[in-house]
Amino acid sequence: MKSPTSTFSPGYPGRARFAEILDLYQRELGDDDPRTANAHENLGVVLGSLGDHKAAETHLLAALGIRETALGPRHPYVATTLVNLGSTLAEHGALARAQPYFERALKLRRSLYPPENRSVVDVLFNLALLEGLQRHHAAALAKLEQVAA
């Protein structure tokens, strides 16, 4: 999950630019190109930071679909998109919907990296926060103990 302070102000002028880039990539590269997935991801992150969580989720799901198809379901970029989806949903208050994305990202990152890798630890910490927010304190503590190990 992202910090409480948004990276982008509500009137962020780059929002339109990110949308233009996505349109350009779709026209020039096609809807299934991994670079188009990057544009969806970037726009989704911006929209989520601006509070437009529904549009953010739409773009992040598009990025996930493209990446899983073009790069394979075990690619590190797939894990990044899963984390961004989980973060967006959690920020919107959809904690139960966010959890499966974080869990998939954790499983994938554990298959790619050693347990002490920051990519693994960050997802564990996000899951611990999510569990705590849902009042699943024992599960949150177990994950925090894994982070500290």
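**A tour of the helix packing**

Select helix H3 (residues 53–70) and helix H5 (residues 95–112): they pack at an angle of about 30 degrees, with their axes 15 Å apart. This is a predicted model. Angles under 35 degrees count as roughly parallel, and H3 and H5 are therefore roughly parallel to each other. The crossing of H3 past H5 is left-handed.

Show side chains here. From H3, pick Glu-57, Leu-61, Leu-64 and Glu-68. From H5, pick Arg-97, Tyr-101 and Arg-104, which those H3 residues meet. By class, this contact of H3 with H5 has three nonpolar, no polar and four charged residues.

**Next: H3 and H4**

Keep H3 and add helix H4 (residues 76–91). Their axes come within 9 Å and cross at roughly 165 degrees. That makes H3 roughly antiparallel to H4. H3 passes H4 in a left-handed crossing.

Which residues of H3 and H4 make the contact? On H3, select His-53, Ala-56, Glu-57, Leu-60, Leu-61, Ala-63, Leu-64, Arg-67 and Glu-68. On H4, select Tyr-77, Val-78, Thr-81, Leu-82, Asn-84, Leu-85, Thr-88, Leu-89 and Glu-91. The contact of H3 with H4 has 10 nonpolar, four polar and four charged residues. Glu-57, Leu-61, Leu-64 and Glu-68 of H3 appear in this contact and also meet H5.

**Next: H2 and H4**

Hold H4 and bring in helix H2 (34–49). H2 and H4 pack at an angle of about 20 degrees, their axes 10 Å apart. That makes H2 roughly parallel to H4. Their crossing is left-handed.

Pick Glu-41, Val-45 and Gly-48 on H2. Opposite them, pick Thr-80, Thr-81, Asn-84 and Glu-91 on H4. The residues of this contact of H2 with H4 divide into one nonpolar, four polar and two charged. Thr-81, Asn-84 and Glu-91 of H4 take part here and in the contact with H3.

**Next: Asp-52 and Arg-15**

Side chains of opposite charge can pair when their charged atoms come close. Select Asp-52 and Arg-15: their side chains meet in a salt bridge (3.0 Å, N to O). Asp-52 lies in the loop between H2 and H3 and Arg-15 in helix H1, so the pair ties together parts that are 37 residues apart in sequence. The salt-bridge count comes to eight.

**Last stop: H1**

Follow Arg-15 into H1. Helix H1 covers residues 14–29. Its 16 residues, at 1.5 Å a residue, should span 22 Å; the end C-alpha atoms are 22 Å apart, which agrees. Now step just past H1 to Gly-30, where phi is positive, at about 100 degrees.

Methods:
Residues numbered from 1 in each chain as written. Predicted model: local features only at pLDDT ≥ 70, side-chain atom pairs only at ≥ 80, totals over all residues. Heavy atoms only, no water. Axes fitted to C-alpha atoms, helices over the stretch in contact; angles between N-to-C directions. Helix = DSSP H or I, 4+ residues; strand = E, 2+ residues; numbered from the N terminus. Parallel < 35°, antiparallel > 145°, perpendicular 65-115°, else oblique. Left-handed = near helix turned anticlockwise from the far one by under 90°. Contact = heavy atoms within 4.5 Å. Nonpolar A, V, L, I, M, F, W, Y, C, P; charged D, E, K, R; others polar. Expected span 1.5 Å × (residues − 1). Salt bridge = Lys/Arg side-chain N within 4 Å of Asp/Glu carboxyl O.
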